[in-house]
Amino acid sequence: MDVTRRTPFLSDIIRRLTTVAPKHLSRRNFLKTGSLGTLAGVLASGERIPSAMASALETDFNGNPFPCAVIGFGEWGREIAAAVEDIEELQLAAICDNFPLMLRRAQRAHPQAARIADYREVLDNPDIVAVFVATATHEHKDIVLDALQAGKHVYCEAPLANTIEDARAIAQAGLAAQDQIFQAGVLYRTEPQYRSVFGFVRSGAIGRPAMTRSQWHQKTSWRRSSSSGERAQALNWRLDQDLSLGLIGEVGIQQIDVSSWILGQKPKAVSGFGGIMHWNDGRTVKDTIQAMIEYPGGENMMYDATLVSGFDAAYDLLFGDDATIILRDGKAWMFKEVDAPMLGWEVYARKDRFYKETGIALLANATKLEALGQDPAADDPNAKPPIWHALKAFADNLIYGPFPAVAGPELGYESTVVAIKANEAVQGGKRVEIPDDLYQL
Amino acid sequence: MQPVRLAFRAMATRFEFVLPGPDAPSLRAAGEEAMREVKRIEDRFNFYSPASELSRLNRDAASAPVRCSGMMMRLLAACRDLHRQTGGHFDPTVAPALAAWGLRHQQDAGRVPSPEALEALTDRIGMEHVDIDEQQRSVRFTREGIQLDLGGVAKGWALDEARLILEESGIECALLHGGTSAAVTIGTDPDGTPWKIGIEDPYDASETASWLFAVPLESGALSVSGVRGKSFVDASGETQTEYGHVINPRTGHAVSGPRLALAVSDSAAVCDAWSTALLAAPDKPVADGVAGPIMGTAFLKTDSGWTVTAGSVHPSWTSPGALPSFPTSSDD
């Protein structure tokens with residue numbers, strides 16, 4: 001491998017990995033954290049590796065799950081609640097929503113959880129140790145600040161807020177709460193397949209990255225309904241450009257973060273376009289958008305999202321001069337250039353045909369799984385959605401931490417800055433620069 | 001004004017929601033939300049996906065209690081009640097028998113198992129071997145080899161949940177069906193008369209085939225089970241026998257013959273279970289008031305046409321042609 005050619009790219013990543021602001025840690029936490037630099041990665045890298053591997057480490061977890069609450073029981077709140085219910089170390093103690101209908105749904109889906117209309121009542125409950133904030137983006141700030149003030153550990157959905165000021169206030173509060181966990185809902189940093197590909201790219205397997213491309217296509221109105229007109233208006237904040245960050249900010253934030261993470265850079269500008277191509281129902285947010293995200297290293301990311309066509313769904317592509325990787329549906333494949341150097345292992349790897357191309361399947365933890373007697377190529381019986389892995393990382397931090405979250409306040413803030421600026425570009429049909437100092441907290 | 005129509009694939013079949021009304025954007029939004037709920041239910045109860053909650057239960061519950069979601073606990077508790085109410089003729093543990101009969105997968109050709117294989121199955125079927133601990137929110141199989149397959153009730157369950165979401169959104173008029181074998185309605189059709197659900201004769205493939213009868217359904221649910229469809233013909237004996245994908249849990253035998261069963265009630269899940277049970281035990285009468293009013297009717301096609309083997313034909317069921325001489329129930 002041509003090491004010198006890769007050096008600038010690798011050094012960027014290493015610098016980024018080592019410049020995460022450390023949390024203040026008590027002596028107890030320091031002692032625990034001594035073994036956690038690697039544990040954080042191991043735990044977040046996927047539960048196909050038996051959890052018993054982690055059980056020998058020092059922990060305060062004595063078998064009693066941590067009582068938690070989900071605040072906001074809309075579509076995403078329901079996904080979070082289902083994931084919490086599926087994590088052994090967490091107990092879904094309460095679901096909070098100020099809409100009685102949502103609480104009725106909570107009763108059906110999670111009859112064991114208390115149903116609470118006012119989030120302050122959740123925060124006043126000393127038994128609840130952590131809250132998952134899944135309300136409308138513009139409602140995050142007050143809830144997160146109050147929750148941190150009340151001493152709760154906080155998981156806040158991304159984007160953190162719909163304004164830079166609110167996002168900064170949230171992130172600063174997260175940083176200031178030194179003995180509390182603050183994790184932003186930047187999902188793929190804890191997803192095993194993405195983590196595996198991240199390491200793979202870092203090893204130089206695709207050569208010099210040239211560009212990235214992602215898409216998110218779904219045929220859906222993105223509208224919510226209610227029997228009450230006033231409530232319907234509140235539920236449809238996503239369609240209101242004054243409250244919503246649009247498709248690129250509310251959905252694309254996750255895929256843009258993947259690109260930034262793997263390239264090891266922060267975007268410096270975004271050019272955006274879009275229109276209302278189908279859902280002309282009074283909304284002010286565009287239903288079809290395209291954007292080009294520029295990085296300082298010269299690589300660009302092409303992104304498009306639409307609510308008009310479901311064709312080809314969602315995926316992420318990472319193009320390098322030796323190979324291209326596609327990530328979709330929790331799986332990944334690599335397509336090598338003819339002149340790319342042999343990596344050695346690929347002759348033994350599973351290969352799948354894609355029209356005229358042959359993709360080499362990239363499997364997270366393949367070597368370890370083989371050592372455990374499992375077939376890495378078989379469908380993973382323990383496969384979980386990205387939100388599960390994000391919440392499991394949060395739960396592991398509750399048990400063994402606090403240590404700096406993989407998606408902590410800084411990352412949550414940075415990704416929100418990009419989301420806000422990208423939405424500004426799309427709504428205005430223009431190029432918007434993101435000065436480096438805007439990323440500073 | 002054209003109603004909003006949403007169609008999507010889930011649970012290996014086609015679901016369709018018909019939502020009449022003036023506010024198309026809101027109707028569509030409500031329909032999409034209901035559709036997502038159906039897909040969530042599919043993900044959770046998918047027997048074939050190794051990562052589903054049901055598969056995890058099937059893998060681990062014979063070794064130790066498995067913690068389950070609230071939704072899984074609710075559905076399994078309902079299955080336990082329906083198993084009891086149907087005298088054991090609805091049983092979600094028949095998966096090993098379906099496999100033995102070669103009816104597990106759509107592409108399977110079907111086969112008649114040996115008497116020894118059937119005998120061996122009896123130890124591996126029985127809802128009584130599923131220990132549901134509502135306090136601990138866990139499930140345990142008290143015997144090795146038990147496998148839960150919720151296919152006999154999940155479609156109806158999903159339709160019931162979808163209906164709830166639509167009603168909560170203020171929808172007062174809707175028709176929902178899953179694979180045309182289970183349907184629920186909200187209110188009446190836009191004309192103000194009950195929705196009419198046509199029951200077709202699965203053995204009449206002629207171009208002039210018409211409904212066997214139409215069932216009026218105002219804010220109700222209906223399910224039909226039949227032998228024809230996912231079935232195979234065994235020609236090894238003196239006569240040809242068609243076996244369908246419904247198993248009699250008591251015997252492990254696949255149901256055979258030109259049969260049809262229909263259940264009508266408030267809940268599509270209840271109807272799903274009862275129509276399955278009636279096909280498995282076609283002479284079993286349905287007890288009214290067991291879990292809300294249920295009307296169940298089992299039919300057998302003979303040389304002289306369709307006859308009723310259990311239950312009755314309600315006078316409100318209409319037919320485009322002359323109805324066969326079905327016994328009819330009192331008009332209540």
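This is a short walk through some local features of a predicted model.

Let's start with two helices in chain A. Helix α10 covers residues 192-202, and helix α13 covers residues 252-263. How do we describe such a pair? Two packed helices are described by the angle between their axes and the distance between the axes. Here the axes come within 9 Å. They cross at roughly 35°. The crossing of α10(A) past α13(A) is right-handed.

Which residues make the contact? On the α10(A) side, they are A:Y194, A:R195, A:V197, A:F198 and A:V201. On the α13(A) side, they are A:V258, A:W261 and A:I262. Sort the residues in this contact by class, and you get 7 nonpolar, 1 charged and no polar.

Next, the strands of chain A. Strand β1(A) runs over residues 66-71. Is β1(A) mostly covered or mostly open? Mostly covered: 6 of its 6 residues are buried. In a regular strand the side chains alternate between the two faces of the sheet. So look at each face in turn. A:F66, A:C68 and A:V70 sit on one side of β1(A), and all are buried. A:P67, A:A69 and A:I71 sit on the other side, and they are buried too. Both faces of β1(A) are covered, then.

What does β1(A) pair with? Its partner here is strand β2(A), residues 90-96. The two run parallel, and 6 bridges link them. As one example, A:V70 has A:I95 in β2(A) as its bridge partner.

Now move along chain A to three more strands. β13(A) is residues 331-336, and β15(A) is residues 357-362. These two are antiparallel, joined by 3 bridges. A:M334 stands opposite A:I360 in β15(A). β14(A), residues 351-354, also runs antiparallel to β15(A), with 4 bridges. There, A:K351 has A:I360 as its bridge partner. So how does the chain get from β14(A) to β15(A)? Through a hairpin, with 2 residues between the strands. One turn residue to find on screen is A:Y355, which has a positive phi of about 55°.

On to backbone details. There are two cis peptide bonds to point out. One joins A:A158 and A:P159, with omega about 0°. A:P159 is in the loop between β5 and α9 of chain A. The other runs from A:G401 to A:P402, with omega near 15°. A:P402 is in the loop between α15 and α16 of chain A.

Then there are positive phi angles at residues that are not glycine. In chain A, take A:D312, with phi about 70°. A:D312 lies in the loop between β10 and β11. With a relative accessible area of 32%, A:D312 is partly exposed. In chain B, take B:T180, with a positive phi of about 60°. B:T180 is in the loop between β6 and β7 of chain B. Is B:T180 buried or exposed? At 66% relative accessibility, B:T180 is exposed.

One more residue in chain A: A:A169. A:A169 lies in helix α9(A), residues 164-176. At 23% relative accessibility, A:A169 is partly exposed. What does A:A169 touch, setting aside neighbours within four places in sequence? A:K141 and A:L145. Compare A:G63, which is 106 residues from A:A169 along the chain. The C-alpha atoms of those two are separated by 35 Å.

Last topic: cysteines. A disulfide is a covalent bond between the sulfur atoms of two cysteines. How many disulfides are there over all chains? The count is 0. Why is B:C68 not in one? The closest cysteine sulfur is that of B:C79, and it is 12 Å from the sulfur of B:C68, too far for a bond. The cut-off is 2.5 Å between the sulfur atoms. B:C68 is also buried, at 3% relative accessible area. B:C271 is in no disulfide either. For B:C271, the nearest cysteine sulfur again belongs to B:C79, and it is 14 Å away. B:C271 is buried, with a relative accessible area of 0%.

That's the tour. Questions are welcome.

Technical notes: Residues numbered from 1 in each chain as written. Chains lettered and ligands numbered in written order. Predicted model: local features only at pLDDT ≥ 70, side-chain atom pairs only at ≥ 80, totals over all residues. Heavy atoms only, no water. Axes fitted to C-alpha atoms, helices over the stretch in contact; angles between N-to-C directions. Left-handed = near helix turned anticlockwise from the far one by under 90°. Contact = heavy atoms within 4.5 Å. Nonpolar A, V, L, I, M, F, W, Y, C, P; charged D, E, K, R; others polar. Buried < 20%, exposed > 50% of the residue type's maximum accessible area, 1.4 Å probe, protein only. Pairing = 2+ DSSP bridges.
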